[in-house]
Amino acid sequence: MHWLLSGALSVEKLTVKIPDLPPSLDGVRLVQLSDLHYDGLRLSNQMLEKAIAICNGAEADLIVLTGDYVTDDPSPIYQLVKHLKNLQATGGIYAVLGNHDVYYQHSQTVITDAFTNIGIQVLWNEIAYPLGQDLAIVGLADYWSGEFKPAQVMQLVDEAIPRIVLSHNPDTAEFLQKWRVDLQLSGHTHGSQIVIPGVGPLVVYYNKFTRKINRKVRKYIPFLRANCGKVVRHWEWAQGFHTIGTNQLYVNRGLGTYPPGRLFCPPEVTIITLVTSM
Ligand SMILES: [Fe+2]
């Protein structure tokens, strides 16, 4: 994807208060990458290398990857891991899979094995404690995979322990209100790609417009065939920080770009500092 269509890479920095975070973890730094869609079309090697350099420059305690590493065929993962093996974080690198990472039946195994071989741990309804027992990292199966069953995994975390939840699709935040989620990190939306400043995602208006056109007619018109309503229900969570009840959500705009490109919605590396909130 040419940079004119993707826009320049942006670094978003935020500080998030985490209840019960022990003083020893005050100031812990997480770096998030999402939605690389590394398939030869949607992410250039130049931008990928730049993003990796930013991640390493942030001197992260943890690097988290929130899904969609490929688009359909999983084989580009073998080239992608040649780049991602250069990522460095003192506490390690943790990943969840997105809907595109389970596109074919064999995709999940191919991607999980490729990541495991370079030391990236894939969490599929699993919990890790890379910074000690006082902070849990929960990685959930993709929302659409048929294996999104948070009840099984969330109940395994001590209620008194703060937890970061990695979940590709931000729509899961609605469902996850049943549990304590100190910070959910998601991607999937690409920030909606086209944003009208001061108004919001263009896709919301696109969906309203296309719904007025007969479906039989719509499928013959190029640009009106897509059903963007299916991508995500909560377009209001398409990017950035949100509070949902007592839970907190951050949605990364991703690195990869689908046609027709991005407008006022640059690809993103997120640097998150966690601070104690008593
Ligand atoms: Fe994606």
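**Entry 1: Asp-68**

Is Asp-68 buried or exposed? I looked this up in the model, which is a predicted one. Asp-68 has a relative accessible area of 1%, and therefore I recorded this residue as buried. I found Asp-68 in the loop between β3 and α3. Its phi is near 60 degrees, which is a positive value in a residue other than glycine.

**Entry 2: Glu-59**

I then turned to another residue with a positive phi. Glu-59 is not a glycine, yet its phi is near 50 degrees. Glu-59 is found in the loop between α2 (45–57) and β3. Is Glu-59 buried or exposed? Its relative accessible area is 62%, so I noted Glu-59 as exposed, because exposed means over 50%. Asp-68, by contrast, is buried.

**Entry 3: the protein as a whole**

I next looked up the overall figures. The protein has eight helices and 14 strands. Its C-alpha trace spans about 60 × 40 × 35 Å along the principal axes. I asked what radius of gyration the protein has. The value is 18 Å, and a compact globule of 278 residues would have one near 19 Å, so the two agree.

Of the 278 residues, 53% count as buried. I recorded an accessible surface of about 12800 Å², with 55% of this area belonging to carbon and sulfur atoms. Among contacts with a separation of 6 or more, 74% are made by residues 24 or more positions apart. For the charges, I noted 23 positive and 24 negative ones, whose mean positions are 13 Å apart.

**Entry 4: aromatic pairs**

How many aromatic pairs are there? The count comes to five. I examined the pair of Tyr-69 and Phe-115, whose ring centres are 4.8 Å apart. Their planes stand at 70 degrees, so I entered the pair as edge-to-face. Tyr-69 lies in the loop between β3 (62–65) and α3 (77–84), while Phe-115 belongs to helix α4 (residues 107–117). The pair therefore ties together parts that are 46 residues apart in sequence. I also noted that both Tyr-69 and Phe-115 are buried.

I then examined Tyr-143 and Phe-148. The centres of their rings are 5.1 Å apart and the planes are at 80 degrees, so this pair is edge-to-face. Tyr-143 has a relative accessible area of 25% and is partly exposed, whereas Phe-148, at 12%, is buried. The cut-off explains these two labels, because buried means under 20%. Tyr-143 and Phe-148 form one aromatic cluster with Phe-175 and Trp-179.

**Entry 5: Gln-184**

Where is Gln-184 found? I located Gln-184 in strand β9, which covers residues 183–186. Its relative accessible area is 2%, so Gln-184 is buried. I then listed its contacts, leaving aside neighbours within four places in sequence. Among them are Val-165, Ser-167, Asn-169 and Pro-170, followed by Thr-172, Ala-173 and Leu-176. Gln-184 is also in contact with Gln-248, Leu-249 and Tyr-250.

**Entry 6: a cis peptide bond**

Last, I looked up one bond of the backbone. The peptide bond from Pro-259 to Pro-260 is cis, and its omega is near 10 degrees. I placed Pro-260 in the loop between β13 (247–251) and β14 (268–277).

Terms used: Residues are numbered from 1 along each chain as its sequence is written. This is a predicted model: local features need pLDDT of at least 70, side-chain atom pairs count only at pLDDT 80 or more; totals for chains, interfaces and linings use all residues. Side-chain values use heavy atoms; hydrogens and water are left out. Helices (H or I, at least four residues) and strands (E, at least two) are DSSP runs, numbered from the N terminus. The radius of gyration is taken over C-alpha atoms; the globule rule is 2.2 Å times the number of residues to the power 0.38. Buried means under 20% relative accessible area, exposed over 50%, partly exposed in between (1.4 Å probe, protein chains only). Contact means heavy atoms within 4.5 Å. Accessible areas come from the Shrake-Rupley method with a 1.4 Å probe; for residues, only the protein chains shown count as cover. Lys and Arg count as positive and Asp and Glu as negative; His and the chain ends are not counted. The place of a charge is taken as NZ of Lys, CZ of Arg, CG of Asp or CD of Glu. Rings of Phe, Tyr and Trp (its six-membered ring) pair if their centres lie within 6.5 Å; planes under 30 degrees apart count as stacked, over 60 as edge-to-face and the rest as tilted.
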